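Student: Could you walk me through how to read a few features of a protein model? I would like the general idea and then the actual case.

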Amino acid sequence: MRSIAVIGAGITGITTAYALSERGYDVTVIDRQRYAAMETSFANGGQLSASNAEVWNSWSTVLKGIKWMFKADAPLLMNPKPSWHKYSWMAEFLANIPNYKANTIETTRLAIKARDYMFEMASREGIDFKLEKRGILHIYRDKLGYDAAARASELYAQGGLARRAVGPSEIRAIEPTLHGDYYGGFFTESDSTGDIHLFTRGLADACRRHGVTFVNEASVDSVKHSVSAGKPRVDIALTLAPSSEDARPIRETLSFDGVVVCAGVGSRALAAQFGDRVNIYPVKGYSITVMLDDEASQNAAPWVSLLDDQTKIVTSRLGKDRFRVAGTAEFNGENRDIRADRIAPLVNWTRQLFPGVSTARTVPWAGLRPMMPNLMPRVGAGKLPGVFYNTGHGHLGWTLSAATAQMIAEKIATDMPVEKPSAQIFRLAAE
């Protein structure tokens, strides 16, 4: 049986491990955290949103970014401090503007495919992740934003997504708790929401039941590739957390037939060691989880997921007593600080649009989205045999992960077929 290491235990790493296990590989997941989904997959906006598949590579995004550059509470914020990585990434971002339409359509197709895979996995493994199939409502405060959304809808339709225009009165009917005046909106009934952390942890438990090995609290120090007797070998040098306060860290090297890099913002450095260029930049996003501790707040919080285009804020209802509000994009390097001036707009937005919701108890969070310059995930083989990537999903990792996991597993099955197929291959792999 061929051995494959998956570096990273976020949503892309765990779905990849599951897809490889389906196909009979001996899979080991390596992660620096103690548990799965403790970084970018911990507290995102919660949307499984094909209706948010529009890539950012457009001149309108660039102009908005310039306008917002010096506003601390702007939806998009960039630290102007010079950085070769940041400015080279942005140059590639601009170079991909001509690919805006094609990439938006392809992302839409991937998102639709992913949702079927994800629901099938959750059903088969009995994962309760607070799934709400109530659709996603995009709201627009002026004609300019609405018209731009109408143009994006034409691309979504080419990708196979149906969503419909709604007026102010229908917006109220879809989500009665929403306050404010809106020009119009678009409603995507097939979209849904859920708790990414619960899903990833539940799928990680399923992976363990199916024989996947987990090496947690393990930092990857280096990776080395070699070929022996015509077969690739990947050596991964690790530093394991000590078992007690007095113990020393343990250093160990594990060897595999192949590796899949699913390491989020850490993927760029790992790729460089394999001789590959994976130009991921960390784009920070923030969220608050509003604890709905009283009945009045529970009744005043929306169940339908929202995206407010003007503020770039999204929401999801995570069961009876939690309300997730997320947004913003911050270009500030690998900085995980939770800034009060970036959390405040999320709290204020909640108070304005849902005044009956108490924000007395909110939990702030920040995570780094791994973004490629073309806003498309890097899914495929590297230069060296046995080296693969499933990373760079940006703000759509939760939405796309189930599909890209199947894609990379199929690529590995083609390049490195299992020597002795497992006696039990899960049904999804055969479909």
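Tutor: Happily; we will go through helix packing, cores and some single residues.
Please keep in mind that this is a predicted model.

Student: Let's begin with helices. At what angle do helix H1 and helix H4 pack?

Tutor: The general idea is to compare the directions of the two axes. Here helix H1 (residues 11–22) and helix H4 (residues 100–125) meet at an angle of about 70°, and their axes are 13 Å apart. Angles of 65 to 115 degrees count as roughly perpendicular, so H1 and H4 are roughly perpendicular to each other.

Student: Which residues make the contact?

Tutor: From H1 come Thr-15, Tyr-18 and Glu-22, while H4 supplies Met-121, Arg-124 and Glu-125. Sorted by class, the contact of H1 with H4 has 3 charged, 2 nonpolar and 1 polar residues.

Student: Now the interior. Why look for a nonpolar core?

Tutor: Because nonpolar side chains tend to be buried together in soluble globular proteins. In this model the largest nonpolar core has 51 residues, and the members that touch the most others are Ile-14, Leu-20, Phe-199, Val-260 and Ile-412. Two or more residues each are given to this core by strand E1 (3–7), H1, strand E2 (26–30), H4, helix H5 (143–158), helix H7 (196–209) and helix H11 (397–415).

Student: What does Ile-412 touch, leaving out residues up to four places away in sequence?

Tutor: With those set aside, Ile-412 touches Ile-4, Leu-20, Tyr-25, Val-260, Phe-388 and Pro-417. There is also a second, separate core of 27 residues, which includes Leu-137, Ile-139, Ile-174 and Leu-353.

Student: On to single residues. Is Thr-315 buried or exposed?

Tutor: The general idea is to read the relative accessible area: under 20% is buried, over 50% is exposed, and in between is partly exposed. Thr-315, found in strand E16 (residues 313–317), has a relative accessible area of 0%, so Thr-315 is buried. Not counting residues up to four places away in sequence, its contacts include Gly-45, Gln-47, Thr-193, Phe-323 and Trp-349.

Student: And where does Thr-359 sit?

Tutor: Thr-359 is in the loop between helix H10 (340–353) and strand E18 (362–371). Its relative accessible area is 13%, so Thr-359 is buried too. Beyond four places in sequence, Thr-359 touches Val-290, Val-347, Thr-350 and Arg-351. With Arg-351 there is a side-chain to side-chain polar contact of 3.0 Å.

Student: How do Thr-61 and Asp-221 read on that scale, buried or partly exposed?

Tutor: Thr-61 lies in helix H2 (residues 59–68), and at 22% relative accessibility Thr-61 counts as partly exposed. Asp-221, in strand E10 (residues 218–228), is partly exposed as well, with a relative accessible area of 42%.

Student: Which residues do these two touch, not counting residues up to four places away in sequence?

Tutor: Thr-61 touches Trp-56 and Phe-93. Asp-221 is in contact with Ala-237, Leu-238, Thr-239 and Gln-273, and the side chains of Asp-221 and Thr-239 are joined by a polar contact of 2.5 Å.

Student: One last thing: how do I read separation in space against separation along the chain?

Tutor: Put the two numbers side by side. The C-alpha atoms of Thr-61 and Ile-236 are 175 residues apart along the chain and separated by 40 Å. For Asp-221 and Ala-36, 185 residues apart along the chain, the C-alpha separation is 20 Å.

Methods. Residues are numbered from 1 along each chain as its sequence is written. This is a predicted model: local features need pLDDT of at least 70, side-chain atom pairs count only at pLDDT 80 or more; totals for chains, interfaces and linings use all residues. Side-chain values use heavy atoms; hydrogens and water are left out. Helices (H or I, at least four residues) and strands (E, at least two) are DSSP runs, numbered from the N terminus. Buried means under 20% relative accessible area, exposed over 50%, partly exposed in between (1.4 Å probe, protein chains only). A polar contact is a pair of N or O atoms within 3.5 Å; within protein, one must be able to donate a hydrogen and the other to accept it, and residues adjacent in sequence count only if both atoms are side-chain atoms. Contact means heavy atoms within 4.5 Å. Axes are lines fitted to C-alpha atoms, for helices over the stretch in contact, and angles run from 0 to 180 degrees between N-to-C directions. Angles under 35 degrees count as roughly parallel, over 145 as roughly antiparallel, 65 to 115 as roughly perpendicular and the rest as oblique. Ala, Val, Leu, Ile, Met, Phe, Trp, Tyr, Cys and Pro count as nonpolar, Asp, Glu, Lys and Arg as charged, and the others, Gly among them, as polar. A nonpolar core is a set of buried Ala, Val, Leu, Ile, Met, Phe, Trp, Tyr and Cys residues joined through side-chain atoms within 4.5 Å.
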